[in-house]
2 protein chains.
Amino acid sequence: MGDLKLVFLGTSSAVPTKDRGLSSIAVLRKGEVLLFDAGEGVQRAMMKAGIGFGGRMRVFITHMHGDHCLGLIGMLQTMGLLGREKLLELYGPRGLLEFVESNVKMLHYCPPFPISFKEVREGVVLDAGEYVVKAHPALHSIPSFSYVLEEKERPGVFYPDKAVALGVPRGRLWHELQHGRPVRVGDRVIRPEQVTGPKRPGRKIGISGDTRPTEGLVEFFRGCDVLVFESTYDDSLADRAVENLHSTAREAAEVARESGVGKLVLYHFSPRYRDVGLLVEQAREVFPNVVAAEDLMTLEVPLRS
Amino acid sequence: MGDLKLVFLGTSSAVPTKDRGLSSIAVLRKGEVLLFDAGEGVQRAMMKAGIGFGGRMRVFITHMHGDHCLGLIGMLQTMGLLGREKLLELYGPRGLLEFVESNVKMLHYCPPFPISFKEVREGVVLDAGEYVVKAHPALHSIPSFSYVLEEKERPGVFYPDKAVALGVPRGRLWHELQHGRPVRVGDRVIRPEQVTGPKRPGRKIGISGDTRPTEGLVEFFRGCDVLVFESTYDDSLADRAVENLHSTAREAAEVARESGVGKLVLYHFSPRYRDVGLLVEQAREVFPNVVAAEDLMTLEVPLRS
């Protein structure tokens, strides 16, 4: 269907490299952009990826470290200069609002479009009708969140011939049945299951931000179609992962296996790795379906069968 | 000699493009980096240009608009992570110190190296021994400065045979003469001019930042070997240049001609120009020796003869 995909805008950790920018992932869904983190350079990466600045957009920040949010300020300025009028929704930890407000003030910039802010706490952050975004505390050196985007279950495919056979007149009653609500025809009640196929499950995408692996996150990411998990170090630096509250590629794969996800995408690589093949190898020993993100890589999330 | 060169790290105005980052120019002189503005993405541009983060470095900010200073914060973080220990000197308008201090606080970052700040006012901003940096008010929508870097005149070439012929013994007295100070030999005074060639003039580089052309700037940039002047618009948008307090390429060339500079470099192009050839043409009608900066372009400033 191509109606849900990820675009990796920046995949380095802490320090960028010539090839990798700082953390940012765009989830594109039915014309909407959901941006998870906005590291320095995100606006240029969006241009290179062909993502516009004027459309429906929500931004979720995992934590208030510069390499995850500094690009937001320049992006706001560019949005204004390019004529954005739509609301921009910001979601993030305490501190994000002050960060935005004080920077636009210090930089003499007044966004000409409305901006909303919601402070993130554990649980449902946003119910957008067709999907929800949930947050769970990550384990990092400052207050941090992981996020999941979960599409809601959709009603099954509607079969007009079955409705006709049951004597349901075309029109409003079909609409009700298509949207999962029973209807009355004469003295009979027709249930949606009688005229539709099985309900269609939604998809689930997980994004770790910076974190150690935790039991809570294993539960939070359970059943993700795609899990994007930070992979700062290889096995030889496992001690450093503990010390700096990051994860190794192997630890990311252990979360993926225990959560029973479909595919694992590694990102947030230490700039010391010119080639991240070693990290993919170490993850694959634990979990087979793994890829390493590259800047501007896109990944379709297929419908569940 | 190759001891003085400019590296253009970002040459777009306000909004970056796929090809042009936001304003930043590095002047490299005898192992030292003088950075004029630090737009978003400057740290990656420095990596691509092979400019390190640990050496002697001074940063001069022209004005507190995001596209001229937002890259500073990420650069400070990267410097710390890469182990910088040396002092970093910041020079800029009122507001720069608050911008840096509040961001490092909001982003939970404590630079592990010393940072000094000097608020820029008109006149000599820095006397570094061999050169000075001066500031002059620019005409823009917020308090803004243009800068020049002026090398001091150096003593002429020392001729040992002349010193010998005049009976000056090798050693301390030669050293004094080489540094332009007269010495006494017996009851005679030997003046430096008797044993050295003509004094060697220093070079002068001018950088406009964002500004309208002004009479004051013409005087300030007089005699520059290289003048880097903003060139946001072409002739057809001259009204917009007035309105937004920027300059056209032609106006930049008029400043170059009236200031009697050696070479004009245009930069800070509106992102509407994919090809800036038109701007170069319009400038060249006024002043012949003009080039358009590109990101990562380098320009040697030769010694004056």
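Contact here means heavy atoms within 4.5 Å. Keep that cut-off in mind as you click through this predicted model.

**Stop 1: the two chains together**

Colour by chain and select everything in chain B that touches chain A. You should pick up 37 residues of chain B, in contact with 37 residues of chain A. Together the two chains bury about 2,900 Å², and 62% of that area lies on carbon and sulfur atoms. Now show E40(B), R44(B) and M106(B) as sticks: these three supply 21% of the area that chain B buries against chain A, more than any other three residues.

Which elements of chain B give two or more residues to the side that touches chain A? Highlight α1 (42–49), α2 (66–69), α3 (71–81) and α4 (96–106) of chain B. Of these, α3(B) gives the largest share, six residues. Colour the chain B side by residue class and you get 15 nonpolar, 13 polar and nine charged residues.

Want to hunt for salt bridges between chain B and chain A? Don't spend long on it, as the count is zero. Polar contacts are another matter: 13 residue pairs make one across the interface, with both residues at pLDDT 80 or more.

**Stop 2: the sheet that starts at β6**

Hide chain B and stay with chain A. Select the strands in the order β6-β5-β4-β3-β2-β1-β16: these seven form an open sheet with mixed pairing. Its edges are β6 (115–119) and β16 (298–300), each of which pairs on one side only. Going from one strand to the next, the twist averages 20°.

Zoom in on β2 (residues 24–29) and β3 (residues 32–36) of chain A, which run antiparallel and are joined by five bridges. Label R29(A) and you will find it opposite E32(A) in β3(A).

Next, bring up helix α3 (residues 71–81) of chain A. This helix packs on the sheet and touches β3, β4 (57–60), β5 (88–92) and β6, with its direction at about 165° to that of β4(A). Then add helix α4 (residues 96–106) of chain A, which lies across β5 and β6 and runs at about 130° to β5(A).

**Stop 3: the sheet that starts at β7**

Still in chain A, select β7-β8-β9-β12-β13-β14-β15. Here, too, seven strands make an open sheet with mixed pairing. Where are the edge strands? Look at β7 (123–127) and β15 (290–292) of chain A, as each pairs on one side only. The twist in this sheet averages 20° from one strand to the next.

Inside the sheet, pick β13 (residues 226–230) and β14 (residues 263–267) of chain A, a parallel pair with five bridges. Across that pairing, L227(A) stands opposite L264(A) in β14(A).

Finish with helix α10 (residues 277–284) of chain A. You will see it lying across β14 and β15, at about 165° to β15(A).

Notes:
Residues numbered from 1 in each chain as written. Chains lettered and ligands numbered in written order. Predicted model: local features only at pLDDT ≥ 70, side-chain atom pairs only at ≥ 80, totals over all residues. Heavy atoms only, no water. Pairing = 2+ DSSP bridges. Helix = DSSP H or I, 4+ residues; strand = E, 2+ residues; numbered from the N terminus. Axes fitted to C-alpha atoms, helices over the stretch in contact; angles between N-to-C directions. Buried area = accessible area lost by both parts, 1.4 Å probe. Salt bridge = Lys/Arg side-chain N within 4 Å of Asp/Glu carboxyl O. Polar contact = N/O pair within 3.5 Å; in protein donor to acceptor, adjacent residues only side chain to side chain. Nonpolar A, V, L, I, M, F, W, Y, C, P; charged D, E, K, R; others polar.
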